[in-house]
Amino acid sequence: MAPRRRCPVCGSKQWHKEPSSGLITCSEGHVLQNYRSETQEVTELGPHAVRKRTLKSGRKKKERQSKADPKLYHGERARFHYFQCLQLIYRMQVSALTRLWQLPPEFEMICRDVWALNLALLPNPPSPEPLLHEQDTAGPTSSPSKGNQPARKSPRPSENSDDDGTATDRDDNDKDEDADDDRSSRSSSSESESDGSDEDSELDELMRENSETSSSDEEGNGGTPKPRPAARTRKKRRTFGLYEVPASTLSCLVLACWTLRLPTMYMDFVKLVESYDLPYLDALRLLPETMTRHLRKHTVQALSPHFPPSPLHLHRLASRLARLMYSKYDIFTPEMNAAPILWKAVRCLSGTPTLYVLTKKLARLVSIPLTLHRSLAPALTREKKRDPTFHKQDSAVPEVALVAAVIVVMKLVYGLDGAPRRPRDKDDPACALPLSADLIQAIRAAEEAAEAARPPYSTDARRSVLDMDDKMLDEYLDFCERALLPRADRLPPRNVTTDHFPLSKDTALEPTSEENVSSELPPQPAMNANLVDDRPDVLRPGQDYRIYNTQDILGTVPEDLEVVVLRAAKWAGVDENYVLGVVERFERRVLRWLESAKRKERGRRGSASE
């Protein structure tokens, strides 16, 4: 309110303020001059608005605390811990296999060396654990010393930096100190101008993008906008590599058995895995709690396969390891002990010793591979420059190669196309073989017996619990006890369940070893031998031989050949098309050998006539 003074016009001391205009007038209506009314309401801010300067405190912000479980391992340390668990499972497998097959103590030493070679030949070998543990405990502020760099990927240092990467750290520290000095020496005006640096940088960035966009549009042909690139689909990253899976332990066991010349097949390991006699499925329950508590969910999933590995997968891992051992360390893996495996293949198809001898001759003729990889076998003799050094399917599964040779001999003798073949003279080896009809019937009976004797826990079994008899139910319950219950040292103490339902086995009801052997080997039906037939219209063994192309996806094979191939595929644990492919390759090798032998015979006759 204005002071109590007289109006210079009328001398009145009564003043009042008009609410509409805000002017001060006296009682006579004279306006008081040189008076300004100020309010706190702001409608517009001019260009010279005053800003309050704020000072940044030097207090460090509190770091965000992680909610991750400190017991779980991550990064390279988790990978090293994964290999520790895998190595412990591998030791359990070696112990179980030594006990089941009564192997010599040298087997464990060979397995240890093969496992060390397997780790050394991985594409990304695991890092040493003490360094990783030291880095985790020291924290991110400590810089690693020279020569102790971790195995994880790091950006490539610049050319003017030191080997240990400390030059860039020193440069960063110098820059930080200079920046602190500059900030301490700035004036208040410069500080006020720096407040809008973020906004200015954003505006500059937007203007730069705008200028680049306009220039690119001008440079384009006709001003047509370029199509936007398709969004890249992010591939799912594998937690562990292809050769770091738990099946790699089984491949090491296979190499150890081949080193000792044990007549083993891939299906032998698969059957042991299915029966839980060989630790592989749900192996985490066998590991100590001090190791499992550090596993995260991805590592648990990697160590817990749901199904046994296929023979093709095991062969892929074993052949790769054998090839690298020979190429890098000159460690040669010997050939397969083929004689017992070949006899198993012959007996699988209800063959006789005569069929075994004929298959051996054919295998020697077509150079059937008996090694894990073709690089371990001697190279073929090259008569011409274009001749290859190895055949196709030389890296096939060895037991599949043997059973394919048996099928080729059976096709030479019987045809397996529905048309009977009869030998002409009594010196023909086909006279010592059974009739085709009896042989096919015996193979079908053996397949039915094998299907009936298949254990209820097998992955290929298509049997319901309602279809099991008492013996099969007892076998299945024993399997559940072995597969689902924890180890003996982890069983709960004595309680009501263990008192009333003990898990002790009655030895009186268990079959003896002789009964097991008799049940595994079903009696073979009597088969009649081939008879000599002198009729000219009857096909002879080896005549009208048909080679079926496996590339023809719409083609079919005769019923007899299908029965034989199905039996061989189940015995080897592979697909039928795989067996047919190997059979076709061997048949074409026999055909090339026959043509070469005919050319040589014609050459000898021509030279003799001259």
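I began with R567, which is buried at a relative accessible area of 15%, and I kept in mind throughout that the model is predicted. The partner I looked up next was E447, for which I also found a buried side, with a relative accessible area of 15%; because the cut-off for buried is under 20%, both residues qualify.

I then checked how the two meet, and found a salt bridge between the side chains of E447 and R567, at 3.2 Å from N to O. This pair joins distant parts of the chain, since E447 sits in helix α15 (residues 436–452) and R567 in helix α19 (residues 559–572), 120 residues apart. I noted further that K570 is linked with E447 and R567 in a network of salt bridges.

Turning to the other salt bridges, of which I have 12 in the count, I looked up E587 and K411, whose closest N and O atoms are 2.7 Å apart. Here too distant parts of the chain are linked, with E587 in helix α20 (residues 576–609) and K411 in helix α14, 176 residues apart, and I found both residues buried. I also recorded D417 and R421, which form a salt bridge at 2.6 Å, N to O, and are both buried.

Last, I went to the largest nonpolar core, which has 103 residues, and where I407 and M410 are among the members that touch the most others. Helix α14 (residues 398–414) contributes the most to this core, with 13 residues. For I407 I listed contacts beyond four places in sequence, including L349, L561, V565 and V583. Apart from this core I found another, of 5 residues, including C7 and W15.

Key: Residues are numbered from 1 along each chain as its sequence is written. This is a predicted model: local features need pLDDT of at least 70, side-chain atom pairs count only at pLDDT 80 or more; totals for chains, interfaces and linings use all residues. Side-chain values use heavy atoms; hydrogens and water are left out. A nonpolar core is a set of buried Ala, Val, Leu, Ile, Met, Phe, Trp, Tyr and Cys residues joined through side-chain atoms within 4.5 Å. Buried means under 20% relative accessible area, exposed over 50%, partly exposed in between (1.4 Å probe, protein chains only). Helices (H or I, at least four residues) and strands (E, at least two) are DSSP runs, numbered from the N terminus. Contact means heavy atoms within 4.5 Å. A salt bridge is a side-chain nitrogen of Lys or Arg within 4 Å of a carboxyl oxygen of Asp or Glu.
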